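Work through the three exercises below with the model open. Each has a task sentence and a solution in steps.

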Amino acid sequence: MSFSGMVKEELSRQISSARHCRIAEIAALLSANGKLTEEGHLKLQMENDAVIRKYFTLLRKTFNIETEISIRESSNQKKGQVYYVELSDDKQVQEVLQGTKLVLDSSDGGMLFSCNSLVTQQNCCKRAFIRGAFLASGSISDPRKGYHFEIVCADERKAQQLQDILRSFQIDAKIVQRKKSYVVYVKEGDQIVDMLALMEANVALMNLENIRILKEMRNTVNRKVNCETANINKTVNAAVKQMEDIELVEKMIGFQNLNDGLAEIAELRLQYPEATLKELGMMLNPQVGKSGVNHRLRKLSKIAEELRGNNKEELL
């Protein structure tokens, strides 16, 4: 099961004890995927059986409506079966519509819209509405691959409504149009953690945090390894350059023409090409610090550069 599927499975098992929160969640489910048919039937269709079972339970607990879940094959063979609950009794339909304050969306035949802010007046009801919207048409990417949370809305008005509710919780949700739909999305890891907390998907939240910690540890290790590798390469390149300079000095003028300090460090560098500056300094008698060793090696490099310059002048 995908990470998104696991989140929906967890949320589908939760039924709020507060009637007003159950109403808000039903309103979100129907606003996202519900439809009032030409016969006046109230129908909710889902591809996720866990979500449709939750809707079935919410109807029974909130409105004392006993109905049944129907199954049919999807027109898209890849998606398998489709589950739906259809209320045909006019009295039950009106009870649900009045309770959830849903109205028929005139801009899209049969679709419903939650236009009354009383349904999401309390913060707990806003959380329930977000949860219902996610269950109906949301998804979340596998956090091991990236961070992306989105809820697809049928039109811009529904997307704007959901964005406003999310922003009341300081969630910086954005909207983008995708074909005929509008997508409310969040891409920051911290914000997605907040989204899971809002919806009360506590198990998924812990799993996400564990993955984030592991990824951060790996990133930290990689940064340290890259830094150490860069330092090693820098040290090796410097040592190779020093060896070339010292070999040129020895060939052109000989160590016997250098003062004792330079000659001693030149011989040690040739003898111990992999030694650090500190290690070279400890081999000297008397011992010299890193800065002193570096100073002598730089003087040797300067002599080598002068010798190279003289050779060029002679060639010219």
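**Exercise 1.** State which residues of α8 are buried in this predicted model, and check the length of the helix.

*Solution.* Step 1: take under 20% relative accessible area as the cut-off for buried. Step 2: in α8, the residues that meet it are A204, L205, L208, I211, A239, Q242, M243, D245, I246, L248 and V249. Step 3: α8 covers residues 202-252, that is 51 residues, so at 1.5 Å a residue a span of 75 Å is expected. Step 4: the C-alpha atoms at its ends lie 74 Å apart, in agreement with that value. Step 5: look just past α8, where G254 has a positive phi of about 80°.

**Exercise 2.** Describe the strand partners of β10 and how far β10 is covered.

*Solution.* Step 1: β10 spans residues 181-186, and 5 of these 6 residues are buried. Step 2: β8 runs antiparallel to β10 and is joined to it by 5 bridges; F149 has V186 in β10 as its bridge partner. Step 3: β9 (residues 174-178) also pairs with β10 in the antiparallel sense, over 5 bridges, with R178 opposite S181. Step 4: β9 and β10 make a hairpin with 2 residues between them, and K179 in the turn has a positive phi of about 60°.

**Exercise 3.** Characterise the largest cavity and its lining.

*Solution.* Step 1: its volume is about 130 Å³. Step 2: 13 residues line the cavity, with S31, A32, A133, C153 and K158 nearest its centre. Step 3: α2, α5, β8 and α6 each contribute at least two lining residues. Step 4: by class, the lining has 9 nonpolar, 3 polar and 1 charged residues.

Conventions. Residues numbered from 1 in each chain as written. Predicted model: local features only at pLDDT ≥ 70, side-chain atom pairs only at ≥ 80, totals over all residues. Heavy atoms only, no water. 1 Å grid on protein atoms, 1.4 Å probe; cavity = no way out; pocket = protein on both sides within 12 Å on 5 of 7 lines; lining within 4 Å. Points joined across faces, edges and corners; volume = space filled by probe spheres on them. Helix = DSSP H or I, 4+ residues; strand = E, 2+ residues; numbered from the N terminus. Nonpolar A, V, L, I, M, F, W, Y, C, P; charged D, E, K, R; others polar. Expected span 1.5 Å × (residues − 1). Buried < 20%, exposed > 50% of the residue type's maximum accessible area, 1.4 Å probe, protein only. Pairing = 2+ DSSP bridges.
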